Amino acid sequence: MTCNLTYSQTFPIVGEINSLFNCECLLCLFFCTVCLDGTLPGYHLHRGYGFGANSWLIQLEGGGWCNSVRSCIYRKTTRRGSSKYMEKVIPFTGILSNKAEENPDFFNWNRIKLRYCDGASFTGDSQDEVCSSASKLYYRGQRIWSAAMEHFMSLGMKSANQVLLSGCSAGGLASILHCDEFGALFPRSTKVKCLSDAGLFLDAVDVSGGRTLRSLYGGVVSTQQLQKDLPSSCTNHLDPTSCFFPQNLIANIQTPMFLLNAAYDAWQVQASLAPPTADPHGDWDDCKKNHAECNATQINFFQDFRNQMLNAVKGFSTSKRNGLFLNSCFAHCQTERQDTWFADDSPVVDQKTIAQSVGDWYFDRMSVKAIDCPYPCDSSCHNLVFK
């Protein structure tokens, strides 16, 4: 059995959420380029205008991973694994906003949000036997990536004078994994850079002394057979699971890259450092929900995590072409939220917002290597509190 799918389809525009958001929703292309459940992947597009008409920003959606056949089967019943469940129109805020007062450097670019439905950060390309398995799962993240880029090039991106590949969370990891592939699409005359927001996932020890995230990533790599799709500059020296961790990839990326991360990343606190499996008695529950409830021992644990993050970016930050913004917040994904990207009370480091720092770096206005002082020094943070 092979995957017999329609070559090209277009999803009709359903309408706008309101006048602020004029986002088309189209479905992408190509034989066997499908989500986990076999549906066609999708993206949202805002066309650029004025002096930004020939500039392109690609934002890779995040949303975790599936690390087993069982979890991937569940995932395909959600928007993270099937375009059947995706919103037809979504708001474009933060780095995707079309308002100069909300997004001063990229507001009139062509802005695309590529939806995430493969469960492995746009990597993986298992063979046809997976397509015919009883589970009916399709591991096609690498094909989605390649087909999407080819399609966007056909829409005009091939003649762009400046482009930025961005992504949040699992999409931030994807922007790291695919940064040099993205750069290779363009001539040297095109300004090409990459931005990873909340994608610096660390191979860290959890509160029980185990490695929850390494276990998760090991499952992702083995289930979707990612070893052949991971950068050879890493897999030639380390095991495939290690090569799904950004800390083992960023030093070898040749395309200019900007790392934006909260030093106390809220997702990693919740799901990697103190997940229920590592804290069966719930000793960390209050602290995880609200950092103000953490005791001194728990804060010290987080300070050690911050130190690991600083150590992970040490070599990366020495390159003049790279940018860095590590704020001491309990946050996650700060480019897509308007309040954290660019607003009157947005988080700042060195008196600059994230939007200003990314813009300064992208347009070479100045070098940006912004590292915040340790918690609790930063009163500008928009910390996430979970109920």
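A salt bridge is a side-chain nitrogen of Lys or Arg within 4 Å of a carboxyl oxygen of Asp or Glu. The structure shown above is a predicted model, and by this rule the count comes to 17 salt bridges in it.

**Salt bridges**

Side chains of opposite charge can pair when their charged atoms come close. Three such pairs are listed here, each with the distance between its closest N and O atoms.

| Arg | Asp | Closest N and O atoms |
|---|---|---|
| Arg143 | Asp125 | 2.7 Å |
| Arg211 | Asp203 | 3.3 Å |
| Arg365 | Asp360 | 2.7 Å |

Arg143 belongs to helix 3 (residues 141-154), and Asp125 sits in the loop between strand 4 (110-114) and helix 2 (128-131), so their salt bridge ties together parts that are 18 residues apart in sequence.

How far is each partner covered by protein? A residue counts as buried under 20% relative accessible area, as exposed over 50%, and as partly exposed in between. Arg143 has a relative accessibility of 24%, so this residue is partly exposed. Its partner Asp125 has 17% and is therefore buried. In the second pair, Arg211 is partly exposed at 39%, while Asp203 is buried at 16%. In the third, Arg365 is partly exposed at 42%, and Asp360, with a value of 8%, is buried.

Salt bridges can also share partners. Glu61, Arg79, Arg80, Glu87 and Arg115 are joined in this way into one network.

**A negative patch**

Asp283, Asp285, Asp286 and Glu293 form a negative patch on the surface. Of these residues, Glu293 is found in the loop that lies between helix 9 (285-289) and helix 10 (296-312).

**Strand 3**

Is strand 3, made up of residues 55-60, mostly covered or mostly open? The strand is mostly covered, with 6 of its 6 residues buried. This holds for both of its faces: one side carries Ser55, Leu57 and Gln59, the other Trp56, Ile58 and Leu60, and all of them are buried.

Which strands does strand 3 pair with? One is strand 5 (residues 162-168), which runs parallel to strand 3 and is joined to it by 6 bridges. In this pairing, Trp56 stands opposite Val163 of strand 5. Another is strand 4, also parallel to strand 3, with 5 bridges between the two. Here Leu57 is the residue that stands opposite Arg111 of strand 4.

Note on methods. Residues are numbered from 1 along each chain as its sequence is written. This is a predicted model: local features need pLDDT of at least 70, side-chain atom pairs count only at pLDDT 80 or more; totals for chains, interfaces and linings use all residues. Side-chain values use heavy atoms; hydrogens and water are left out. Patches are made of residues with over 30% relative accessible area and no salt bridge: like charges are joined within 9 Å, nonpolar side chains (Val, Leu, Ile, Met, Phe, Trp, Tyr) within 5 Å. Accessible areas come from the Shrake-Rupley method with a 1.4 Å probe; for residues, only the protein chains shown count as cover. Lys and Arg count as positive and Asp and Glu as negative; His and the chain ends are not counted. The place of a charge is taken as NZ of Lys, CZ of Arg, CG of Asp or CD of Glu. Helices (H or I, at least four residues) and strands (E, at least two) are DSSP runs, numbered from the N terminus. Buried means under 20% relative accessible area, exposed over 50%, partly exposed in between (1.4 Å probe, protein chains only). Two strands pair if DSSP finds at least two bridges between them.
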